[in-house]
Amino acid sequence: MTLLYSEVEEELRAAVRGLLADRCPPAAVLKRIESEPYDLDLWKTLAGEIGVAGLLVPEEHGGAGASASEAAVVLEELGRGVAPVPFLTSAVLATRALLPTGDALLGELAEGRRTAALVVPFAANPYRPADGVRAEGGRLTGTVTGVAGADVADVLLVPAGGRLHAVEEGAAVQVVPSLDLTRPVATVTFDGVPAREVGACDLGEVLAFGAGLLASEQLGVAGWCLDTTLAYVKERHQFARPVGSFQAIKHRLADLWLDVVRARAAARSAATDGSPVSVAVAQSWNAGVAVHAAEEALQLHGGIGMTWEHPVHLYLKRAKASEIALGTPGDHRAALASLVDVPGPE
């Protein structure tokens, strides 16, 4: 296992970063979030021209047959741009759930012609997954809250009773207020909705896989906050000196840099290794680092950081929402303690 980026991964990073810089800079994200958060035109370009939608899909199903490491690089860049596209929800979570079935829908997802959403709460705990829907006689009944990506999904993939079901129409999807304005969540209700059973579903494994890759998105959020803050404190002057020249600021940013470096190692380990221990370590650390980096960015930008017009609040909201997504840091620490046989309190 290596934590270094390959040449292919760096080329993929450059392609995604260049497209986001041209089509979806943070200022552009800020302008659209109150009206139409998702940028589906950008998603079509990412999926069709760069091929990110099919990274995790095997070649025999029309995908790229890439590894989780490549998907992690994409998530880093999407995190840096708080890009409002359904990559995590469709190309990672939904695709991972569908992979063992070999269903024909994989080809459509890989080409970006359709998107899917896994109908579980975005805050679901990978170590205690639970179905919120009942399947009976080819129909689904139940309500699931806090589902990310459901409002733009062409197909809903619904776990029920250890099986995965595909729903293309008939479900009621109601977007609800969300802290992260760039990733809306919805309440999805099934009232005897017809569904097609597509195969078995190990929901805990799917959520754990998503949690491991979410650490890379959190790394991207933290990296943008660090880089942007460094640039700002070099330009901002106070008492005829750059703010960044003050020792207290230097110490805070040096500590933050170390946190981000550790977060990179944890995220890369979770993506390349993918073991339960690596995933638990990555989420135990990276979720908090993203929040800390965003809070430091907001504070060190001074008054402008507190305004709606500066995009730093988008990163803080993404970090805070992601902190409880796919298991809280506490959930992952508890799992890690169990995995490495650390005794708990008596």
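Student: In this predicted model, what makes Gly161 stand out in the hairpin of β4 and β5?

Tutor: Gly161 takes a positive phi near 60° in that hairpin, which has two residues between its strands. The strands themselves, β4 and β5 (residues 163–167), pair in the antiparallel sense over five bridges, and Pro159 of β4 stands opposite Leu164 in β5.

Student: Why is β4 called paired with β1 as well?

Tutor: Two strands count as paired if at least two bridges are found between them. Strand β1 (residues 116–118) and β4 have three bridges, in the parallel sense, so the pairing criterion of at least two is satisfied. Ala116 stands opposite Val155 in β4.

Student: How do you know that both faces of β4 are covered?

Tutor: In a regular strand the side chains alternate between the two faces of the sheet. For β4 (residues 155–160), six of its six residues are buried, with Val155, Leu157 and Pro159 on one side and Leu156, Val158 and Ala160 on the other.

Student: What makes β2 and β6 edge strands?

Tutor: Four strands form an open sheet in the order β2-β3-β7-β6, with antiparallel pairing, and β2 (133–136) and β6 (172–176) each pair on one side only. From one strand to the next the twist averages 15°. At the β2 edge, the pairing with β3 (residues 139–148) is antiparallel and runs over four bridges, with Val133 standing opposite Gly142.

Student: Why is Gly138 called partly exposed?

Tutor: Buried means under 20% relative accessible area and exposed means over 50%, with partly exposed in between. The relative accessible area of Gly138 is 46%, so Gly138 is partly exposed. Gly138 sits in the loop between β2 and β3 and touches Val193, Pro194 and Ala195, leaving aside residues up to four places away in sequence.

Student: Why does Ala47 count as buried?

Tutor: The relative accessibility of Ala47 is 4%, so Ala47 counts as buried, the cut-off being under 20%. Ala47 lies in helix α3 (residues 40–50), and beyond residues up to four places away in sequence it touches Val52, Ala53, Glu111 and Gly112. The C-alpha atoms of Ala47 and Ala110 are separated by 7.7 Å, although these residues are 63 residues apart along the chain.

Student: Why is helix α5 described as largely enclosed?

Tutor: Eleven of the twelve residues of α5 (residues 87–98) are buried, and therefore the helix is largely enclosed by the rest of the structure. Among the buried residues are Phe87, Leu88, Val92, Leu93 and Leu98.

Student: Which residues touch the most other members of the largest nonpolar core?

Tutor: That core has 93 residues, and those touching the most other members are Trp43, Leu46, Phe87, Leu118, Leu157 and Leu213. Its largest share, 15 residues, comes from helix α7 (residues 203–235). A second, separate core of 16 residues includes Val133, Val167, Val188 and Ala195.

Student: How do you know that helices α9 and α11 come together, and which residues make the contact?

Tutor: The axes of α9 (residues 276–300) and α11 (residues 329–339) come within 8 Å and cross at roughly 145°, and the crossing is left-handed. From α9 the contact involves Pro276, Val277, Ala280, Val281, Gln283, Ser284 and Ala287, while α11 contributes Pro329, His332, Arg333, Leu336 and Leu339. By class, the contact has eight nonpolar, three polar and one charged residues.

Technical notes. Residues are numbered from 1 along each chain as its sequence is written. This is a predicted model: local features need pLDDT of at least 70, side-chain atom pairs count only at pLDDT 80 or more; totals for chains, interfaces and linings use all residues. Side-chain values use heavy atoms; hydrogens and water are left out. A nonpolar core is a set of buried Ala, Val, Leu, Ile, Met, Phe, Trp, Tyr and Cys residues joined through side-chain atoms within 4.5 Å. Buried means under 20% relative accessible area, exposed over 50%, partly exposed in between (1.4 Å probe, protein chains only). Axes are lines fitted to C-alpha atoms, for helices over the stretch in contact, and angles run from 0 to 180 degrees between N-to-C directions. A crossing is left-handed if the near helix is turned anticlockwise from the far one by less than a right angle, and right-handed if clockwise. Contact means heavy atoms within 4.5 Å. Ala, Val, Leu, Ile, Met, Phe, Trp, Tyr, Cys and Pro count as nonpolar, Asp, Glu, Lys and Arg as charged, and the others, Gly among them, as polar.
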